[in-house]
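Welcome! Take a moment to look at the structure below, and then we can walk through it together.

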Amino acid sequence: MRKTLLHLLVFTILAGCSKSDNEPANALPVAYHNKGTGASAHDLLSADAYTSLKIEIQYMPGYRPQDAAVTHLVSLLNARLNKPGGMQVVYREVPASDKEVLSVDEIAALEKQYRTVYTSGKELGIYFLFTNGGYTQSNVLGIAYRNTSMCLFGKTLHDNSGGVGQVSRSNLQATVAEHELGHLLGLVDIGSPMQTPHKDPDHGNHCSTQDCLMYYASETTAILGFLPGNDIPVFDNACLADLQANGGR
Ligand SMILES: [Zn+2]
Ligand SMILES: [Zn+2]
C-alpha cells in the first residue's frame, strides 16, 4: 500500500517535470520569449546570433490561414531578414476555445499550453495563433503581444473578408500577419530606432504614412477602407530604412 503510494507520487513528479520541459534540450530558457514586443528585432533581422527561423502557426478548427497568405508572409520574411540557414513553417491545429472573445492574458495562457517551437541553438522561433473568435476590442484583427508572439482573430478576419464586396481572405490574413510581424521587427520605434521621424503621434508605435503596412489601421477593421484593389500594403521607405539600420535587408 505504502509502496504504491510512493510510486504514484514519484510518477506524478516526473510527469510534472516532463510537461514543463517539452522544449529541445539545448533551447534557450522560455524566458527569452517573455520579453516585450520589439525586444528581439535585431535578433530577427540580423544573422548575428540566429541564422535560421522557425515559424510555428497554430490554429483553432476551421481557422487555418490560407496557403497564399502564409506564402506571402514567408516571402516578406525572406526579403527582409538575414537568415542564411533558411526558414521553416510548422502547422498544428489546437482545440477550439469556447469563448467568443479572448483577452491578451487568455491568449498568452493558450500559447503557454500549446506552443512547441522555441528558440534553440542558432534557430529563432516565432509563434502565430489563429483563434476561432475575436479580441476583447472588437475591431482588432491581430495583436503582437511579446517579442516572438502574435495572435490573429480568425472569426473577425472571416467576418470581414471573402464575401461579395469584401476583400480577399488571404490578402487580409497576410496584411494583418505581416503588420504584426512588423511590430516584432521593432516598428515603429520599439526596437528598431527611427532613422527619420515617421511615428504616428496619435497611434503609438505605428507609421504616419497611410499606405504603409505599419499604418495603424492595418490591424483593425478600419483597414478595409484602405485596401484599394485588394492590394497587400508594403513597408514604406521610412520603415524599410529602420529595418535595414537594425540588421535587416
Ligand atoms: Zn499595429
Ligand atoms: Zn512606414
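This briefing covers a metal site and the cavities. Keep in mind that the model is predicted. Two topics follow: the zinc ion (ligand 2), held by four protein donors including Cys-207 and Asp-236, and a cavity with a volume of about 60 Å³, the largest in the structure.

**The zinc site**

- Which residues hold the zinc ion (ligand 2)? Its protein donors are Cys-207, Cys-212 and Cys-239, each through SG, together with Asp-236 through OD, and they lie 2.2 to 2.3 Å from the ion.
- The arrangement is tetrahedral because the 4 donor atoms subtend angles of 97 to 119° around the zinc ion (ligand 2), and four donors count as tetrahedral if all angles lie between 85 and 135 degrees.
- Along the chain, the donors of this ion are spaced as C-x4-C-x23-D-x2-C.
- Cys-207 and Asp-236 both sit in the loop between helix H6 (169-184) and helix H7 (237-245), so this pair ties together parts that are 29 residues apart in sequence.
- Buried or exposed? Cys-207 is buried, with a relative accessible area of 0%, and Asp-236 is buried too, at 15%.

**The cavities**

- How many cavities of 30 Å³ or more does the structure hold? There are 2.
- The largest cavity is lined by residues including Ile-57, Pro-65, Leu-73, Phe-128, Phe-130 and Gln-173.
- Helix H3 (67-80), strand E4 (123-131) and H6 each supply at least two residues of that lining.
- By type, the lining of the largest cavity has 9 nonpolar residues, 1 polar residue and no charged ones.

Definitions and conventions: Residues are numbered from 1 along each chain as its sequence is written. Chains are lettered from A and ligands numbered from 1 in the order in which they are written. This is a predicted model: local features need pLDDT of at least 70, side-chain atom pairs count only at pLDDT 80 or more; totals for chains, interfaces and linings use all residues. Side-chain values use heavy atoms; hydrogens and water are left out. Donors are N, O and S atoms within 2.8 Å of the metal (3.2 Å for Na, K and Ca); water is not among the atoms, so sites may look incomplete. Four donors count as tetrahedral if all angles lie between 85 and 135 degrees; four count as square planar and six as octahedral if opposite donors are over 155 degrees apart and all others between 65 and 115; anything else is irregular. Helices (H or I, at least four residues) and strands (E, at least two) are DSSP runs, numbered from the N terminus. Buried means under 20% relative accessible area, exposed over 50%, partly exposed in between (1.4 Å probe, protein chains only). On a 1 Å grid over the protein atoms alone, a cavity is a set of points where a 1.4 Å probe fits but cannot get out, and a pocket is an open set with protein on both sides within 12 Å along at least five of seven lines; lining residues have an atom within 4 Å of a point. Grid points are joined across faces, edges and corners, and a volume is the space filled by probe spheres set on the points. Ala, Val, Leu, Ile, Met, Phe, Trp, Tyr, Cys and Pro count as nonpolar, Asp, Glu, Lys and Arg as charged, and the others, Gly among them, as polar.
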